[in-house]
Amino acid sequence: MLSCWVIYNGSLVSDKFQDQAQLMAEAAERHGIHVEIKKNYEIQMSLSEQQPLPDFAVLLDKDILLGYFLKSRGVPVYNDPAIIDLCDNKATQYIRLAERNIPMPKTIVAPKVYLNFTIQDSGYFEGVLATLGLPMIIKEGHGSFGMKVYLIETEEQFYEKVESLSGVDYVFQEFIAESRGRDIRVNIVGGQIVAAMKRQSDTDFRANITNGGRAFPVELNEQQQQLAMDAAEAVGAVFAGVDLLYGPNGQPLVCEVNAAAHIRNILNVTGVNVADAMIRYIQEDLA
């Protein structure tokens, strides 16, 4: 019998993280796998001591060092920690998507500016404003559930925000007015679309359910299907939650790829338990 650890971050107080782990564990048990749910800090990353390890691990967190540690001990980790690492920083993710010619909003990666320093008088920011115009989106490199994503509508807001982000990775991005308050989440497993839902907010420019958005089942057209699969492949994610925007003239654009996507909401909306497809993929991959 295969054994696995389903890992989530024990420092996060919201029940949704434990719930995500429980969904995965129940799916693994349905497929005859011995499961232990682990908080990330319950696994000691001792580099000098050996410990009993599972046949594989499902990492439902961004504790990338833990993923690298388990992989170094010969444990297959899903998603691979290098993929979670790539996707966890939106700047590195967008560089990869652009390298693979994935359609997305116009994006400029901000230069590194050290904390307590500024490039305010260099003319750089004026160039960004001239290229993208206002409104625009500023996204910090690290952030989930729509957090650390800012709609910038005035120059005053722009300069205030960039000054506050010294020492932080972030990107400037074109604002897609056609997709204001709405997007599509597509869950992909092993290069195949498993489920999709439309998210919509009447009160926020972001459609995330965490920010008050609502979700509905959606039928994807061929362009949306292909783009979602291409985006997941571009970053190498076998499990992915791809967020698509409604672009001009009906052309879909990639908002981002989530390599540790939550699956409870899409189960509630569509009735599809993505965890079952994830476990089936792992079983076939390890066979």
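**Strand pairings, helix packing and buried positions**

In this predicted model, strand 6 (residues 136-140) pairs with strand 7 (residues 149-152) in the antiparallel sense, over four bridges. Within that pairing, Met 136 sits opposite Ile 152 of strand 7. Strand 6 also has an antiparallel pairing with strand 8 (residues 170-174), this one over five bridges. Here Glu 140 is the residue to look at, and Tyr 170 of strand 8 stands opposite Glu 140.

Strand 6 doesn't show much of itself to the outside: five of its five residues are buried, which leaves the strand mostly covered. In a regular strand, side chains alternate between the two faces of the sheet. Going through strand 6, Met 136, Ile 138 and Glu 140 point one way, while Ile 137 and Lys 139 point the other way. All of them are buried, the charged Glu 140 and Lys 139 included.

Met 136 turns up again in the surroundings of Val 128. Val 128 belongs to helix 5 (residues 124-132) and counts as buried because its relative accessible area is 2%, against a cut-off of under 20%. Leaving aside residues up to four places away in sequence, Val 128 touches Ile 108, Gly 133, Met 136, Phe 158 and Phe 172. Met 136 lies in strand 6, and Phe 172 falls within strand 8. Met 197, by contrast, is a long way off: Val 128 and Met 197 are 69 residues apart in sequence, and their C-alpha atoms are 33 Å apart in space.

Now to the N-terminal part of the chain. Four strands make up an open sheet there, in the order 2-1-3-4, with parallel pairing. Strand 2 and strand 4 (77-78) are the edge strands; each has a single partner strand, so one side of each has no neighbour in the sheet. The pairing of strand 1 with strand 2 is parallel and runs over six bridges, and one of the matched pairs is Cys 4 with Val 35 of strand 2. Helix 1 packs on this sheet, where it touches strand 1, strand 2 and strand 3, and its direction makes about 165° with that of strand 1.

Helix 1 itself (residues 15-30) has the length one would work out on paper. At 1.5 Å a residue, its 16 residues should span 22 Å, and the end C-alpha atoms are 23 Å apart, which agrees. The buried residues of helix 1 are Phe 17, Gln 20, Ala 21, Leu 23, Met 24, Ala 25, Ala 27 and Ala 28. These residues pack against strand 1 (3-8), strand 2 (34-39) and strand 3 (56-59), and also against helix 8 (264-270) and helix 9 (274-286). After helix 1 comes Gly 32, which has a positive phi, near 75°.

Another helix contact involves helix 3 (residues 81-88) and helix 4 (residues 90-99), whose axes are 5 Å apart and meet at an angle of about 100°. That angle makes helix 3 roughly perpendicular to helix 4. Helix 3 brings Asp 85, Leu 86, Cys 87 and Asp 88 to the contact, and helix 4 brings Lys 90, Thr 92, Gln 93 and Arg 96. By type, these residues split into two nonpolar, two polar and four charged.

Gln 93, a helix 4 residue, is worth a second look. Gln 93 is buried, with a relative accessible area of 1%. Its contacts, not counting residues up to four places away in sequence, are Leu 86, Cys 87, Val 235, Glu 256 and Val 257. Leu 86 and Cys 87 are on the helix 3 side of the contact, whereas Glu 256 and Val 257 lie within strand 13 (residues 252-258).

Strand 13 is largely enclosed by the rest of the structure, since seven of its seven residues are buried. Strand 13 pairs in the antiparallel sense with strand 12 (residues 239-246), over six bridges, and the bridge partner of Leu 244 in strand 13 is Val 254. The two strands form a hairpin with five residues between them, and Asn 249 takes a positive phi there, near 60°. Unlike the buried residues of strand 13, Asn 249, in the loop between the strands, counts as exposed, because its relative accessibility is 78%. Asn 249 and Glu 178 are 71 residues apart in sequence, yet 9.0 Å apart in space, C-alpha to C-alpha.

Key. Residues are numbered from 1 along each chain as its sequence is written. This is a predicted model: local features need pLDDT of at least 70, side-chain atom pairs count only at pLDDT 80 or more; totals for chains, interfaces and linings use all residues. Side-chain values use heavy atoms; hydrogens and water are left out. Axes are lines fitted to C-alpha atoms, for helices over the stretch in contact, and angles run from 0 to 180 degrees between N-to-C directions. Angles under 35 degrees count as roughly parallel, over 145 as roughly antiparallel, 65 to 115 as roughly perpendicular and the rest as oblique. Contact means heavy atoms within 4.5 Å. Buried means under 20% relative accessible area, exposed over 50%, partly exposed in between (1.4 Å probe, protein chains only). Two strands pair if DSSP finds at least two bridges between them. The expected span of a helix is 1.5 Å times one less than its number of residues.
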